Amino acid sequence: MLNLPGRIFTRLIINRDQNFLDKEIENRFRHYTAFCMAGMPIMLIFGFSSLMKENFFLAAVIVTCFIGLFTGWFLLYKCISGNGVFRFNSLLFFALVIFLVYIGGEEGSKSLWVFTAPLAAFFLLGTIEGAIWCTITILLCQLIFWNPFGLPLPHPYSNSFAIRFNLAYISISVITYSFEYFRHTYRLEIEKKNRMLEREIRGRKEYEKALKKSEEQYKTVFSQAAEGIMVIDPDGHILESNQQMENSLGMPPSALPGQNILNLIHPDDLKNQPSQIPFMIAGHIIVIERQLRTAEGSYRFFEISGNKIGENTILLVCRDISKRKTAEIALEKANLELERIANIDGLTQIANRRRFDLRLQREWKRLLREDQPLTLIISDIDYFKQYNDLYGHQEGDTCLITIASILDSTLQRPADLAARFGGEEFVILLPNTTIEGGVGKAEEMRKRIVELRIPHNGSIVGPYVTMSFGVSSTVPFKQGIPDDLIAMADKALYQAKQNGRNRVEISEQFIL
(Lines give C-alpha, C1' and ligand atoms only; values in the text may rest on other atoms or scores of the structure.)
Protein backbone atom coordinates (compact mmCIF):
# COMPACT_ATOMS: atom_id res chain seq x y z
CA MET A 1 0.00 0.00 0.00
CA LEU A 2 2.80 2.38 0.86
CA ASN A 3 4.49 1.75 -2.51
CA LEU A 4 1.35 2.59 -4.51
CA PRO A 5 2.10 6.34 -4.97
CA GLY A 6 5.66 5.49 -6.03
CA ARG A 7 4.46 2.98 -8.61
CA ILE A 8 1.88 5.43 -9.95
CA PHE A 9 4.50 8.19 -10.14
CA THR A 10 6.96 5.90 -11.93
CA ARG A 11 4.32 4.71 -14.40
CA LEU A 12 3.24 8.26 -15.21
CA ILE A 13 6.82 9.27 -15.89
CA ILE A 14 8.14 6.13 -17.67
CA ASN A 15 5.14 5.39 -19.90
CA ARG A 16 5.27 8.75 -21.67
CA ASP A 17 5.69 8.78 -25.46
CA GLN A 18 8.34 11.47 -25.31
CA ASN A 19 10.35 13.58 -22.88
CA PHE A 20 11.40 17.20 -22.81
CA LEU A 21 14.80 17.79 -24.43
CA ASP A 22 15.52 20.40 -21.77
CA LYS A 23 16.45 18.34 -18.74
CA GLU A 24 15.59 21.22 -16.39
CA ILE A 25 11.98 21.31 -17.64
CA GLU A 26 11.83 17.51 -17.51
CA ASN A 27 13.02 17.60 -13.91
CA ARG A 28 10.43 20.26 -12.99
CA PHE A 29 7.72 18.16 -14.65
CA ARG A 30 8.55 15.38 -12.21
CA HIS A 31 8.23 17.85 -9.31
CA TYR A 32 4.96 19.07 -10.81
CA THR A 33 3.67 15.47 -11.05
CA ALA A 34 4.51 14.84 -7.38
CA PHE A 35 2.91 18.16 -6.46
CA CYS A 36 -0.29 17.22 -8.35
CA MET A 37 -0.42 13.74 -6.81
CA ALA A 38 -0.23 15.24 -3.32
CA GLY A 39 -2.20 18.47 -3.90
CA MET A 40 -5.09 17.51 -6.12
CA PRO A 41 -6.71 15.01 -3.65
CA ILE A 42 -6.32 17.59 -0.88
CA MET A 43 -7.92 20.27 -3.10
CA LEU A 44 -10.87 17.95 -3.80
CA ILE A 45 -11.43 17.38 -0.09
CA PHE A 46 -10.91 21.04 0.75
CA GLY A 47 -13.22 22.16 -2.08
CA PHE A 48 -15.94 19.69 -1.12
CA SER A 49 -15.69 20.85 2.50
CA SER A 50 -16.01 24.51 1.43
CA LEU A 51 -18.97 23.63 -0.74
CA MET A 52 -20.71 21.87 2.20
CA LYS A 53 -20.12 24.98 4.29
CA GLU A 54 -21.69 27.03 1.50
CA ASN A 55 -18.42 28.90 0.94
CA PHE A 56 -19.03 28.89 -2.78
CA PHE A 57 -16.41 31.48 -3.75
CA LEU A 58 -13.60 29.55 -2.01
CA ALA A 59 -14.88 26.33 -3.54
CA ALA A 60 -14.80 27.98 -7.00
CA VAL A 61 -11.19 29.14 -6.47
CA ILE A 62 -10.13 25.66 -5.35
CA VAL A 63 -11.86 24.00 -8.30
CA THR A 64 -10.22 26.48 -10.65
CA CYS A 65 -6.80 25.62 -9.23
CA PHE A 66 -7.63 21.92 -9.47
CA ILE A 67 -8.61 22.22 -13.12
CA GLY A 68 -5.50 24.29 -13.81
CA LEU A 69 -3.26 21.70 -12.16
CA PHE A 70 -4.79 18.80 -14.07
CA THR A 71 -4.84 20.63 -17.39
CA GLY A 72 -1.24 21.78 -16.93
CA TRP A 73 -0.09 18.27 -16.06
CA PHE A 74 -1.79 16.85 -19.16
CA LEU A 75 -0.10 19.44 -21.37
CA LEU A 76 3.25 18.70 -19.80
CA TYR A 77 2.67 14.97 -20.12
CA LYS A 78 2.20 15.45 -23.85
CA CYS A 79 5.20 17.85 -23.99
CA ILE A 80 2.91 20.54 -25.45
CA SER A 81 4.10 23.33 -23.19
CA GLY A 82 6.80 23.95 -20.61
CA ASN A 83 7.60 26.95 -18.43
CA GLY A 84 4.28 28.60 -19.36
CA VAL A 85 2.33 25.87 -17.51
CA PHE A 86 4.54 26.24 -14.43
CA ARG A 87 4.08 30.02 -14.34
CA PHE A 88 0.31 29.95 -14.98
CA ASN A 89 -0.42 27.30 -12.35
CA SER A 90 1.91 29.03 -9.90
CA LEU A 91 -0.12 32.20 -10.42
CA LEU A 92 -3.38 30.28 -9.68
CA PHE A 93 -1.85 28.61 -6.65
CA PHE A 94 -0.45 31.85 -5.24
CA ALA A 95 -3.81 33.55 -5.81
CA LEU A 96 -5.40 30.70 -3.83
CA VAL A 97 -3.02 30.94 -0.87
CA ILE A 98 -3.27 34.75 -0.77
CA PHE A 99 -7.05 34.40 -0.72
CA LEU A 100 -6.72 31.87 2.12
CA VAL A 101 -4.57 34.35 4.04
CA TYR A 102 -7.21 37.00 3.43
CA ILE A 103 -10.08 34.94 4.82
CA GLY A 104 -7.88 33.65 7.65
CA GLY A 105 -10.22 31.21 9.26
CA GLU A 106 -10.36 30.28 12.91
CA GLU A 107 -7.07 31.30 14.52
CA GLY A 108 -5.65 31.95 11.04
CA SER A 109 -5.77 28.24 10.15
CA LYS A 110 -6.43 28.81 6.44
CA SER A 111 -3.46 31.15 6.15
CA LEU A 112 -1.15 28.30 7.11
CA TRP A 113 -1.55 26.87 3.59
CA VAL A 114 0.74 29.68 2.42
CA PHE A 115 3.68 27.69 3.85
CA THR A 116 3.38 25.36 0.85
CA ALA A 117 4.02 28.33 -1.47
CA PRO A 118 7.88 28.15 -1.28
CA LEU A 119 7.75 24.49 -2.29
CA ALA A 120 5.76 25.27 -5.41
CA ALA A 121 7.75 28.42 -6.18
CA PHE A 122 11.26 27.00 -5.96
CA PHE A 123 10.56 23.48 -7.26
CA LEU A 124 8.50 24.63 -10.26
CA LEU A 125 10.03 28.01 -11.14
CA GLY A 126 13.63 27.74 -9.97
CA THR A 127 15.59 29.80 -7.50
CA ILE A 128 15.35 33.21 -9.21
CA GLU A 129 11.67 33.26 -10.19
CA GLY A 130 10.78 31.35 -7.01
CA ALA A 131 12.45 34.01 -4.90
CA ILE A 132 10.48 36.71 -6.72
CA TRP A 133 7.14 34.92 -6.15
CA CYS A 134 7.95 34.24 -2.49
CA THR A 135 8.90 37.88 -1.96
CA ILE A 136 5.66 39.11 -3.57
CA THR A 137 3.67 36.65 -1.44
CA ILE A 138 5.21 37.75 1.85
CA LEU A 139 4.70 41.42 0.94
CA LEU A 140 1.01 40.79 0.15
CA CYS A 141 0.69 38.91 3.44
CA GLN A 142 2.04 41.97 5.26
CA LEU A 143 -0.66 44.13 3.71
CA ILE A 144 -3.25 41.67 5.02
CA PHE A 145 -1.63 41.24 8.49
CA TRP A 146 -1.13 44.92 9.26
CA ASN A 147 -4.08 46.12 7.09
CA PRO A 148 -2.85 49.71 6.47
CA PHE A 149 -5.76 50.35 4.03
CA GLY A 150 -8.49 49.26 6.46
CA LEU A 151 -9.72 46.28 4.43
CA PRO A 152 -12.77 44.41 5.84
CA LEU A 153 -10.95 41.26 7.02
CA PRO A 154 -13.12 38.31 8.09
CA HIS A 155 -10.59 37.42 10.78
CA PRO A 156 -8.06 40.10 11.70
CA TYR A 157 -4.56 38.94 12.72
CA SER A 158 -2.80 39.79 15.94
CA ASN A 159 0.73 41.24 15.89
CA SER A 160 2.20 38.18 17.58
CA PHE A 161 0.59 35.87 14.98
CA ALA A 162 1.96 38.03 12.14
CA ILE A 163 5.47 37.93 13.61
CA ARG A 164 5.39 34.14 14.15
CA PHE A 165 3.94 33.66 10.67
CA ASN A 166 6.68 35.79 9.04
CA LEU A 167 9.47 33.99 10.89
CA ALA A 168 8.05 30.60 9.91
CA TYR A 169 7.52 31.64 6.28
CA ILE A 170 11.01 33.11 5.94
CA SER A 171 12.57 30.00 7.52
CA ILE A 172 10.69 27.66 5.19
CA SER A 173 11.60 29.87 2.19
CA VAL A 174 15.30 29.93 3.09
CA ILE A 175 15.38 26.17 3.69
CA THR A 176 13.52 25.44 0.45
CA TYR A 177 15.68 27.90 -1.51
CA SER A 178 18.88 26.32 -0.14
CA PHE A 179 17.64 22.82 -0.91
CA GLU A 180 16.69 23.77 -4.48
CA TYR A 181 19.94 25.70 -5.03
CA PHE A 182 22.17 22.87 -3.90
CA ARG A 183 20.01 20.31 -5.70
CA HIS A 184 20.24 22.33 -8.92
CA THR A 185 24.00 22.85 -8.52
CA TYR A 186 24.55 19.17 -7.78
CA ARG A 187 22.41 18.17 -10.77
CA LEU A 188 24.37 20.48 -13.07
CA GLU A 189 27.62 18.97 -11.79
CA ILE A 190 26.27 15.47 -12.34
CA GLU A 191 25.13 16.40 -15.84
CA LYS A 192 28.53 17.89 -16.58
CA LYS A 193 30.24 14.72 -15.43
CA ASN A 194 27.77 12.64 -17.43
CA ARG A 195 28.53 14.68 -20.55
CA MET A 196 32.23 14.22 -19.95
CA LEU A 197 31.67 10.52 -19.44
CA GLU A 198 29.64 10.30 -22.63
CA ARG A 199 32.38 12.10 -24.55
CA GLU A 200 34.95 9.79 -23.04
CA ILE A 201 32.85 6.75 -24.00
CA ARG A 202 32.42 8.08 -27.54
CA GLY A 203 36.13 8.85 -27.71
CA ARG A 204 37.00 5.39 -26.44
CA LYS A 205 34.68 3.78 -28.99
CA GLU A 206 36.21 5.87 -31.76
CA TYR A 207 39.67 5.01 -30.47
CA GLU A 208 38.82 1.31 -30.40
CA LYS A 209 37.40 1.56 -33.89
CA ALA A 210 40.50 3.40 -35.14
CA LEU A 211 42.72 0.91 -33.31
CA LYS A 212 40.96 -2.01 -34.94
CA LYS A 213 41.27 -0.36 -38.34
CA SER A 214 44.93 0.41 -37.66
CA GLU A 215 45.60 -3.19 -36.65
CA GLU A 216 43.97 -4.42 -39.84
CA GLN A 217 46.03 -1.99 -41.91
CA TYR A 218 49.16 -2.98 -40.00
CA LYS A 219 48.56 -6.65 -40.73
CA THR A 220 47.96 -5.89 -44.41
CA VAL A 221 51.09 -3.75 -44.70
CA PHE A 222 53.13 -6.21 -42.65
CA SER A 223 52.24 -9.18 -44.83
CA GLN A 224 52.17 -7.51 -48.25
CA ALA A 225 54.98 -4.93 -47.95
CA ALA A 226 57.67 -5.02 -50.63
CA GLU A 227 60.37 -4.49 -47.97
CA GLY A 228 61.32 -6.88 -45.24
CA ILE A 229 59.83 -6.09 -41.83
CA MET A 230 60.84 -7.32 -38.39
CA VAL A 231 59.57 -6.56 -34.90
CA ILE A 232 62.14 -6.92 -32.12
CA ASP A 233 62.27 -6.46 -28.36
CA PRO A 234 64.80 -4.32 -26.42
CA ASP A 235 67.21 -7.27 -26.26
CA GLY A 236 67.18 -7.69 -30.03
CA HIS A 237 65.08 -10.86 -30.15
CA ILE A 238 62.94 -11.07 -33.28
CA LEU A 239 59.26 -11.28 -32.35
CA GLU A 240 57.75 -11.16 -35.85
CA SER A 241 58.95 -11.09 -39.45
CA ASN A 242 57.16 -10.98 -42.78
CA GLN A 243 57.67 -13.32 -45.70
CA GLN A 244 59.63 -10.74 -47.71
CA MET A 245 62.25 -10.54 -44.95
CA GLU A 246 62.61 -14.30 -44.84
CA ASN A 247 62.82 -14.48 -48.65
CA SER A 248 65.55 -11.82 -48.71
CA LEU A 249 67.69 -13.93 -46.37
CA GLY A 250 66.74 -17.20 -48.03
CA MET A 251 65.18 -18.58 -44.88
CA PRO A 252 62.09 -20.79 -44.56
CA PRO A 253 58.85 -19.35 -43.11
CA SER A 254 58.91 -18.56 -39.37
CA ALA A 255 62.66 -19.18 -39.19
CA LEU A 256 63.51 -15.65 -37.98
CA PRO A 257 61.26 -15.27 -34.89
CA GLY A 258 63.22 -16.33 -31.82
CA GLN A 259 66.62 -15.40 -33.26
CA ASN A 260 68.58 -12.33 -32.15
CA ILE A 261 69.05 -9.61 -34.75
CA LEU A 262 72.57 -8.92 -33.44
CA ASN A 263 73.63 -12.44 -34.44
CA LEU A 264 72.60 -11.72 -38.04
CA ILE A 265 74.60 -8.49 -38.37
CA HIS A 266 78.13 -8.66 -39.79
CA PRO A 267 80.69 -8.39 -36.93
CA ASP A 268 82.55 -5.58 -38.72
CA ASP A 269 79.35 -3.51 -38.85
CA LEU A 270 78.84 -3.88 -35.11
CA LYS A 271 82.49 -3.03 -34.53
CA ASN A 272 82.29 0.16 -36.60
CA GLN A 273 78.87 1.16 -35.30
CA PRO A 274 77.51 -0.63 -32.19
CA SER A 275 73.90 -1.66 -31.68
CA GLN A 276 71.41 1.19 -32.15
CA ILE A 277 68.64 -0.52 -30.17
CA PRO A 278 69.09 1.70 -27.04
CA PHE A 279 68.63 4.82 -29.18
CA MET A 280 65.43 3.45 -30.72
CA ILE A 281 64.09 2.47 -27.28
CA ALA A 282 64.76 6.09 -26.24
CA GLY A 283 62.42 7.22 -29.05
CA HIS A 284 64.90 8.10 -31.81
CA ILE A 285 64.34 7.07 -35.44
CA ILE A 286 67.39 5.30 -36.80
CA VAL A 287 68.36 4.79 -40.48
CA ILE A 288 71.46 2.67 -40.90
CA GLU A 289 73.12 0.31 -43.37
CA ARG A 290 73.87 -3.21 -42.15
CA GLN A 291 75.07 -6.46 -43.65
CA LEU A 292 72.77 -9.32 -42.63
CA ARG A 293 73.73 -12.99 -42.79
CA THR A 294 71.70 -15.17 -45.16
CA ALA A 295 70.77 -18.82 -44.68
CA GLU A 296 73.81 -19.76 -46.82
CA GLY A 297 76.21 -17.84 -44.58
CA SER A 298 76.88 -15.00 -47.02
CA TYR A 299 75.95 -11.38 -46.29
CA ARG A 300 73.64 -8.98 -48.07
CA PHE A 301 73.44 -5.21 -47.65
CA PHE A 302 70.25 -3.75 -46.16
CA GLU A 303 69.13 -0.20 -45.42
CA ILE A 304 67.36 -0.53 -42.06
CA SER A 305 65.05 2.10 -40.61
CA GLY A 306 64.01 1.51 -37.01
CA ASN A 307 61.32 3.13 -34.91
CA LYS A 308 59.79 2.42 -31.50
CA ILE A 309 56.14 1.35 -31.88
CA GLY A 310 55.37 0.16 -28.36
CA GLU A 311 56.67 0.24 -24.83
CA ASN A 312 59.00 -2.70 -25.52
CA THR A 313 58.78 -3.22 -29.29
CA ILE A 314 60.74 -1.82 -32.23
CA LEU A 315 59.74 -1.98 -35.89
CA LEU A 316 62.56 -2.52 -38.40
CA VAL A 317 61.95 -1.95 -42.11
CA CYS A 318 64.76 -3.60 -44.12
CA ARG A 319 65.31 -2.74 -47.78
CA ASP A 320 67.71 -4.92 -49.74
CA ILE A 321 70.31 -2.60 -51.31
CA SER A 322 72.89 -5.24 -52.25
CA LYS A 323 72.78 -4.40 -55.97
CA ARG A 324 72.95 -0.69 -55.32
CA LYS A 325 75.75 -1.14 -52.78
CA THR A 326 77.76 -3.26 -55.21
CA ALA A 327 77.35 -0.55 -57.84
CA GLU A 328 78.33 2.14 -55.31
CA ILE A 329 81.48 0.26 -54.31
CA ALA A 330 82.43 -0.21 -57.97
CA LEU A 331 81.74 3.47 -58.65
CA GLU A 332 83.76 4.51 -55.62
CA LYS A 333 86.71 2.44 -56.79
CA ALA A 334 86.39 3.94 -60.26
CA ASN A 335 86.27 7.46 -58.83
CA LEU A 336 89.32 6.80 -56.69
CA GLU A 337 91.14 5.49 -59.74
CA LEU A 338 90.09 8.51 -61.78
CA GLU A 339 91.19 10.81 -58.99
CA ARG A 340 94.50 9.00 -58.77
CA ILE A 341 94.98 9.26 -62.52
CA ALA A 342 94.02 12.93 -62.46
CA ASN A 343 96.57 13.69 -59.72
CA ILE A 344 99.41 11.30 -60.59
CA ASP A 345 101.98 11.81 -63.33
CA GLY A 346 101.50 8.99 -65.80
CA LEU A 347 105.23 8.38 -66.33
CA THR A 348 106.88 8.86 -62.96
CA GLN A 349 103.85 7.86 -60.77
CA ILE A 350 104.40 10.78 -58.40
CA ALA A 351 102.15 13.82 -58.05
CA ASN A 352 101.54 15.85 -61.20
CA ARG A 353 101.34 19.61 -61.70
CA ARG A 354 97.57 19.71 -60.95
CA ARG A 355 97.94 18.00 -57.60
CA PHE A 356 100.90 20.22 -56.73
CA ASP A 357 98.93 23.41 -57.48
CA LEU A 358 96.00 22.29 -55.30
CA ARG A 359 98.28 21.30 -52.42
CA LEU A 360 100.21 24.58 -52.66
CA GLN A 361 97.00 26.62 -52.42
CA ARG A 362 95.74 24.58 -49.48
CA GLU A 363 99.02 24.73 -47.54
CA TRP A 364 99.38 28.47 -48.20
CA LYS A 365 95.95 29.12 -46.59
CA ARG A 366 96.64 26.78 -43.68
CA LEU A 367 100.06 28.23 -42.86
CA LEU A 368 98.65 31.76 -43.29
CA ARG A 369 96.28 30.98 -40.39
CA GLU A 370 99.01 29.29 -38.33
CA ASP A 371 101.73 31.87 -39.16
CA GLN A 372 104.22 29.11 -40.05
CA PRO A 373 106.87 28.92 -42.84
CA LEU A 374 106.43 27.27 -46.24
CA THR A 375 109.47 26.17 -48.27
CA LEU A 376 109.61 25.24 -51.96
CA ILE A 377 112.32 23.42 -53.95
CA ILE A 378 112.49 23.41 -57.75
CA SER A 379 115.00 21.03 -59.36
CA ASP A 380 116.09 20.31 -62.90
CA ILE A 381 118.15 17.48 -64.41
CA ASP A 382 121.37 18.94 -65.80
CA TYR A 383 121.72 18.70 -69.61
CA PHE A 384 118.73 16.36 -69.93
CA LYS A 385 118.23 17.26 -73.61
CA GLN A 386 121.71 15.95 -74.35
CA TYR A 387 120.88 12.83 -72.37
CA ASN A 388 117.86 12.16 -74.58
CA ASP A 389 119.79 12.87 -77.74
CA LEU A 390 122.62 10.54 -76.70
CA TYR A 391 120.68 7.64 -75.10
CA GLY A 392 117.22 7.96 -76.63
CA HIS A 393 113.82 8.91 -75.21
CA GLN A 394 113.17 5.47 -73.71
CA GLU A 395 116.30 5.71 -71.58
CA GLY A 396 115.32 9.29 -70.82
CA ASP A 397 111.96 8.12 -69.46
CA THR A 398 113.74 5.50 -67.34
CA CYS A 399 116.00 8.21 -65.95
CA LEU A 400 112.99 10.40 -65.08
CA ILE A 401 111.27 7.49 -63.30
CA THR A 402 114.42 6.76 -61.27
CA ILE A 403 114.94 10.40 -60.32
CA ALA A 404 111.28 10.80 -59.29
CA SER A 405 111.53 7.71 -57.06
CA ILE A 406 114.61 9.10 -55.30
CA LEU A 407 113.02 12.51 -54.72
CA ASP A 408 109.81 11.00 -53.36
CA SER A 409 111.58 8.49 -51.09
CA THR A 410 113.67 11.27 -49.53
CA LEU A 411 110.54 12.83 -48.06
CA GLN A 412 109.46 11.42 -44.69
CA ARG A 413 106.49 13.52 -43.58
CA PRO A 414 102.96 12.99 -44.95
CA ALA A 415 102.54 16.70 -45.61
CA ASP A 416 105.64 16.88 -47.84
CA LEU A 417 105.05 16.47 -51.57
CA ALA A 418 107.27 15.68 -54.57
CA ALA A 419 105.74 16.39 -57.98
CA ARG A 420 106.75 16.48 -61.62
CA PHE A 421 106.60 20.12 -62.62
CA GLY A 422 107.05 19.59 -66.31
CA GLY A 423 109.58 17.84 -68.59
CA GLU A 424 112.71 17.20 -66.53
CA GLU A 425 111.70 19.67 -63.78
CA PHE A 426 110.52 18.54 -60.35
CA VAL A 427 109.11 20.49 -57.42
CA ILE A 428 109.17 19.64 -53.71
CA LEU A 429 106.71 21.28 -51.27
CA LEU A 430 107.79 21.41 -47.59
CA PRO A 431 105.19 22.87 -45.21
CA ASN A 432 106.27 24.01 -41.74
CA THR A 433 109.87 24.05 -42.92
CA THR A 434 112.40 26.90 -42.72
CA ILE A 435 114.82 27.85 -45.48
CA GLU A 436 117.58 25.99 -43.65
CA GLY A 437 115.48 22.82 -43.57
CA GLY A 438 114.72 23.20 -47.27
CA VAL A 439 118.38 23.60 -48.17
CA GLY A 440 119.28 20.53 -46.13
CA LYS A 441 116.60 18.43 -47.86
CA ALA A 442 117.69 19.65 -51.33
CA GLU A 443 121.34 18.84 -50.58
CA GLU A 444 120.33 15.33 -49.46
CA MET A 445 118.47 14.78 -52.73
CA ARG A 446 121.36 16.10 -54.80
CA LYS A 447 123.81 13.70 -53.14
CA ARG A 448 121.52 10.67 -53.53
CA ILE A 449 121.14 11.35 -57.24
CA VAL A 450 124.93 11.60 -57.69
CA GLU A 451 125.28 8.32 -55.81
CA LEU A 452 123.08 6.61 -58.39
CA ARG A 453 125.93 6.95 -60.91
CA ILE A 454 123.64 7.05 -63.92
CA PRO A 455 126.03 7.48 -66.89
CA HIS A 456 125.75 10.80 -68.75
CA ASN A 457 128.55 11.28 -71.27
CA GLY A 458 126.80 14.32 -72.68
CA SER A 459 127.07 16.32 -69.45
CA ILE A 460 129.74 19.00 -68.96
CA VAL A 461 129.31 18.76 -65.18
CA GLY A 462 130.57 15.19 -64.86
CA PRO A 463 130.24 11.59 -66.14
CA TYR A 464 126.98 10.98 -64.24
CA VAL A 465 123.48 12.45 -64.12
CA THR A 466 123.26 15.42 -61.74
CA MET A 467 120.58 17.92 -60.71
CA SER A 468 120.44 21.59 -59.81
CA PHE A 469 118.15 22.91 -57.03
CA GLY A 470 116.60 26.28 -56.23
CA VAL A 471 115.11 26.89 -52.76
CA SER A 472 112.71 29.63 -51.62
CA SER A 473 110.83 30.09 -48.34
CA THR A 474 108.34 32.44 -46.70
CA VAL A 475 105.73 32.76 -44.02
CA PRO A 476 102.46 33.21 -46.01
CA PHE A 477 100.78 36.60 -45.66
CA LYS A 478 97.52 38.10 -46.95
CA GLN A 479 99.06 40.32 -49.63
CA GLY A 480 101.24 37.51 -51.02
CA ILE A 481 100.38 34.78 -53.52
CA PRO A 482 101.83 31.25 -53.90
CA ASP A 483 103.10 32.06 -57.40
CA ASP A 484 105.62 34.46 -55.83
CA LEU A 485 107.15 31.53 -53.94
CA ILE A 486 107.48 29.56 -57.19
CA ALA A 487 109.05 32.53 -58.96
CA MET A 488 111.66 32.94 -56.21
CA ALA A 489 112.57 29.25 -56.29
CA ASP A 490 112.80 29.37 -60.10
CA LYS A 491 115.23 32.29 -59.87
CA ALA A 492 117.33 30.35 -57.38
CA LEU A 493 117.36 27.37 -59.79
CA TYR A 494 118.50 29.65 -62.61
CA GLN A 495 121.28 30.93 -60.34
CA ALA A 496 122.37 27.33 -59.62
CA LYS A 497 122.67 26.67 -63.34
CA GLN A 498 124.63 29.87 -63.84
CA ASN A 499 127.02 28.88 -61.05
CA GLY A 500 127.98 25.55 -62.64
CA ARG A 501 124.99 23.22 -61.95
CA ASN A 502 124.89 20.21 -59.59
CA ARG A 503 124.36 22.54 -56.68
CA VAL A 504 121.76 24.06 -54.34
CA GLU A 505 121.06 27.80 -54.43
CA ILE A 506 118.86 29.90 -52.16
CA SER A 507 116.56 32.63 -53.36
CA GLU A 508 118.29 35.98 -52.96
CA GLN A 509 115.00 37.57 -51.98
CA PHE A 510 112.80 36.51 -49.04
CA ILE A 511 109.18 37.29 -49.87
CA LEU A 512 107.90 40.09 -47.62
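Here are some numbered notes on the spaces, the sheet and one ring pair in this structure, which is a predicted model.

1. Start with the empty space. Rolling a probe the size of a water molecule over the atoms shows where such space is left. In this model, the count comes to two cavities of 30 Å³ or more. The largest has a volume of about 150 Å³, while the second largest holds about 30 Å³.

2. Let's look at what surrounds the largest cavity. Its lining is made of 16 residues, and those nearest the centre are I265, Q276, M280, R290 and L316. Two helices and two strands each give two or more residues to this lining: α8 (261-264), α10 (277-281), β3 (286-293) and β4 (299-310). Strand β3 supplies the largest share, with four residues. As for chemistry, eleven of the lining residues are nonpolar, four are polar and one is charged.

3. Now for the second largest cavity. Which residues line it? They are M43, C65, L69, N89, L92 and F93. Helices α3 (56-77) and α4 (83-103) each provide two or more of them, and α4 has the largest share, with three residues. Five of the lining residues are nonpolar and one is polar, with no charged residue in the set.

4. Next comes an open space, the largest pocket, which has a volume of about 360 Å³. It is lined by 18 residues, and the closest to its centre are F35, A38, G39, F93 and T116. You have already met F93, in the lining of the second largest cavity. Helices α2 (23-52), α4 and α5 (117-146) each give two or more residues to the pocket lining. Helix α2 gives the most, with eight. How does the lining divide into nonpolar, polar and charged residues? There are 15 nonpolar and three polar residues, and no charged ones.

5. Time for the sheet. Five strands make an open sheet in the order β7-β8-β6-β9-β10, and the pairing is mixed. Look for the edges at β7 (417-422) and β10 (504-506), each of which pairs on one side only. On average, neighbouring strands here are turned by 20° against each other, direction ignored.

6. Zoom in on one strand pair within that sheet. Strand β6 (residues 374-381) pairs with strand β9 (residues 467-474) in the antiparallel sense, over eight bridges. If you want a spot to find on screen, try I377, which stands opposite V471 in β9.

7. What about the helices against the sheet? Helix α12 (residues 353-370) lies across β6, β7, β8 (425-431) and β9, and runs at about 25° to β8. Helix α15 (residues 435-452) also packs on the sheet, where it touches β6, β8, β9 and β10. The direction of α15 makes about 165° with that of β9.

8. Last, the aromatic rings. The model has twelve aromatic pairs, and F145 with Y157 is a nice one to pick out. What arrangement do these two rings have? They sit edge-to-face, 4.8 Å centre to centre, with 75° between the planes. An angle over 60 degrees counts as edge-to-face, so this pair gets that label. F145 belongs to helix α5, whereas Y157 is in the loop between α5 and α6 (159-224). The two residues are twelve apart, and the pair links distant parts of the chain.

Definitions and conventions. Residues numbered from 1 in each chain as written. Predicted model: local features only at pLDDT ≥ 70, side-chain atom pairs only at ≥ 80, totals over all residues. Heavy atoms only, no water. 1 Å grid on protein atoms, 1.4 Å probe; cavity = no way out; pocket = protein on both sides within 12 Å on 5 of 7 lines; lining within 4 Å. Points joined across faces, edges and corners; volume = space filled by probe spheres on them. Nonpolar A, V, L, I, M, F, W, Y, C, P; charged D, E, K, R; others polar. Pairing = 2+ DSSP bridges. Axes fitted to C-alpha atoms, helices over the stretch in contact; angles between N-to-C directions. Contact = heavy atoms within 4.5 Å. Phe/Tyr/Trp six-rings, centres within 6.5 Å; stacked < 30°, edge-to-face > 60°.
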